[in-house]
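Here is a friendly walk through one structure, with a pocket, some ring contacts and a few strands as the stops. Have the model open as you read.

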Amino acid sequence: MTTQTGHTEAIAASRVIGTSVYNTEGTHIGDIEDVMLDKLSNGIMFAVIGFGGFLGIGEKYHAIPWASLDYDEDKGGYVVPFTKEQLKAAPAYSINELTGADGEGARDASYSYYKVEPYWH
């Protein structure tokens, strides 16, 4: 089965990790570093987007609600409907903070900040 944009509903995580992410202005903002899974609901909690660092130093990670990412074949990456300013002001974490408290803190802050309807409700 395909989505409204013609994409398949299923994709291997290995194909997603490392994919570029762009903002609404078309600027490359980072890459998908990981995907956090909610084992209890079988949902995807969020994509972990890394940007702002150099060779892993000083890099911050952002939890972006999975439903906010839209794959753009022309760009060969995902586009998020957020401006550079929104992304700069968004909650940022270390990789360890993303998984603390089972990831729920980062998940809840992310969905609230980006005003995305929580999948778990």
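Charged residues account for five of the residues lining the second largest pocket, nonpolar ones for three, and polar ones for none. Bear in mind that this model is predicted. The charged part of the lining includes Asp38, Lys39, Asp102, Glu104 and Arg107, while Leu37, Leu40 and Met45 make up the nonpolar part. The space inside this pocket comes to about 150 Å³. Two elements, β2 (28–38) and α4 (104–113), each give at least two residues to the lining.

Arg107 is worth a second look. Besides lining the pocket, Arg107 lies over the face of Trp120, 3.6 Å from the ring centre. A second contact of this kind involves Lys75, whose charged end sits over the ring of Tyr22 at 5.6 Å from the centre.

How many aromatic pairs does the structure hold? There are seven. Two of them are set out here.

| Pair | Centre to centre | Angle between planes | Arrangement |
|---|---|---|---|
| Trp66 and Tyr78 | 5.9 Å | 55 degrees | tilted |
| Tyr111 and Trp120 | 5.0 Å | 75 degrees | edge-to-face |

Why does the pair of Trp66 and Tyr78 tie together parts that are 12 residues apart in sequence? Trp66 lies in the loop between β4 (60–64) and β5 (70–72), whereas Tyr78 belongs to strand β6 (residues 77–79), so the contact joins those two parts. Tyr78 has 8% relative accessibility and counts as buried, because the cut-off for buried is under 20%. Ring pairs also bring in Tyr71, making a cluster of Trp66, Tyr71 and Tyr78.

In the other pair, the two partners differ in how much surface they show. Tyr111 is buried, at a relative accessible area of 6%, and Trp120 is partly exposed, at 28%.

Now to the strands. Is β3 (residues 43–51) largely enclosed or largely open? Eight of its nine residues are buried, so β3 is largely enclosed by the rest of the structure. On one side of the pairing list is β2, which runs antiparallel to β3 over seven bridges; one of the bridge partners is Ala47 of β3, matched with Val35. Four residues lie between the strands in this hairpin of β2 and β3, and Asn42 takes a positive phi near 65 degrees there. β3 also pairs with β4, again in the antiparallel sense, over five bridges. Here Phe51 has Lys60 of β4 as its bridge partner.

Conventions. Residues numbered from 1 in each chain as written. Predicted model: local features only at pLDDT ≥ 70, side-chain atom pairs only at ≥ 80, totals over all residues. Heavy atoms only, no water. 1 Å grid on protein atoms, 1.4 Å probe; cavity = no way out; pocket = protein on both sides within 12 Å on 5 of 7 lines; lining within 4 Å. Points joined across faces, edges and corners; volume = space filled by probe spheres on them. Nonpolar A, V, L, I, M, F, W, Y, C, P; charged D, E, K, R; others polar. Phe/Tyr/Trp six-rings, centres within 6.5 Å; stacked < 30°, edge-to-face > 60°. Buried < 20%, exposed > 50% of the residue type's maximum accessible area, 1.4 Å probe, protein only. Lys NZ or Arg CZ within 6 Å of the ring centre and 35° of its normal. Pairing = 2+ DSSP bridges.
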